[in-house]
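Good morning, and thank you for joining this group meeting. I would ask you to look at the sequence and the model on the screen while I speak.

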Amino acid sequence: MGLFIAEVRPRWSDMDVYGHVNHANIVTLLEEARIALLFGEAARHGGAEAISKGVVVARIVVDYHAPIVVNGSTVRVAVSVREMRNASFTMDYEVHNGPSETDPVAVTAETMLVPYDLASGRPRRMSEAEKDFLAAWRSGSNGA
């Protein structure tokens with residue numbers, strides 16, 4: 001289905017006073033999964049050069065369905081690309097409260113990302129290499 005799966009391990013320091021991974025650290029878990037896809041996986045498939053030109057998060061939406069409690073195990077983060085435009089793309093996330101797809105979904109989220117030219121400090125259009133790489137991770141595709 002075009003899903004990229006990352007296993008991310010929450011840290012003890014991610015918990016708040018109630019014993020749950022707090023919002024800022026949930027956003028960091030999403031970032032770790034996104035980096036694994038946009039840089040790690042892209043490097044394996046030849047798309048890293050284009051993406052490493054720069055990309056910034058323009059919008060993030062996080063919905064909580066259940067708390068994540070740090071217990072030493074990883075959480076499963078499923079990432080897919082929902083929408084691609086010439087100068088932005090939207091990624092969807094599903095964070096399971098454990099490493100298996102059968103573990104309950106604790107968080108769903110989306111980020112809109114904008115390709116960014118770090119040298120000029122301005123947004124830029126996506127390259128064909130970026131579009132090709134991201135298309136493999138679109139919802140409903142077969143993956144890379």
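Of the 144 residues in the protein, 40% are buried. Please keep in mind that this is a predicted model.

Let me turn to overall dimensions. For 144 residues, a compact globule would have a radius of gyration near 15 Å, and the protein agrees with this because its own value is 15 Å. Along the principal axes, the C-alpha atoms fill a box of roughly 45 × 35 × 25 Å. The surface that the protein exposes comes to about 7,500 Å², and carbon and sulfur atoms supply 52% of that area.

Next, the secondary structure. There are 3 helices and 6 strands, and reading along the sequence gives the pattern β-α-α-β-β-β-β-β-α. As for the contacts with a separation of 6 or more, 66% of them are between residues 24 or more positions apart.

I come now to the interior. The largest nonpolar core has 32 residues, and those that touch the most other members are Leu37, Leu38, Ile68, Val77, Val79, Met91 and Phe133. Which elements give two or more residues to this core? They are strand S1, residues 4-8, helix H1, residues 23-44, strand S3, residues 75-84, strand S4, residues 89-96, strand S5, residues 105-117, and helix H3, residues 128-135. The greatest contribution is that of H1, which gives 7 residues.

Val77, one of the core residues just named, deserves a separate look. Neighbours within four places in sequence aside, Val77 is in contact with Phe4, Ile5, Ala6 and Val8, with Ala33, and with Tyr93, Glu94 and Val95.

Finally, let us consider Thr74, which lies in the loop between strand S2, residues 55-64, and S3. Is Thr74 buried or exposed? Its relative accessible area is 12%, and since buried means under 20%, Thr74 counts as buried. What is Thr74 in contact with, leaving aside its neighbours within four places in sequence? The residues are Glu7, Val8, Arg9, Pro10, Gly98 and Pro99. With Glu7, there is also a polar contact of 3.0 Å between the two side chains. As for Val105, this residue is 31 residues from Thr74 in sequence, and the two are 13 Å apart in space, C-alpha to C-alpha.

To close, I return to two points: H1 gives the most residues to the largest nonpolar core, and Thr74, in its loop, is buried. Thank you for your attention.

How values were computed:
Residues numbered from 1 in each chain as written. Predicted model: local features only at pLDDT ≥ 70, side-chain atom pairs only at ≥ 80, totals over all residues. Heavy atoms only, no water. Core = buried A, V, L, I, M, F, W, Y, C linked by side-chain atoms within 4.5 Å. Buried < 20%, exposed > 50% of the residue type's maximum accessible area, 1.4 Å probe, protein only. Helix = DSSP H or I, 4+ residues; strand = E, 2+ residues; numbered from the N terminus. Contact = heavy atoms within 4.5 Å. Polar contact = N/O pair within 3.5 Å; in protein donor to acceptor, adjacent residues only side chain to side chain. Rg over C-alpha atoms; globule rule 2.2 N^0.38 Å. Areas by Shrake-Rupley, 256 points an atom, 1.4 Å probe, with all protein chains shown as cover.
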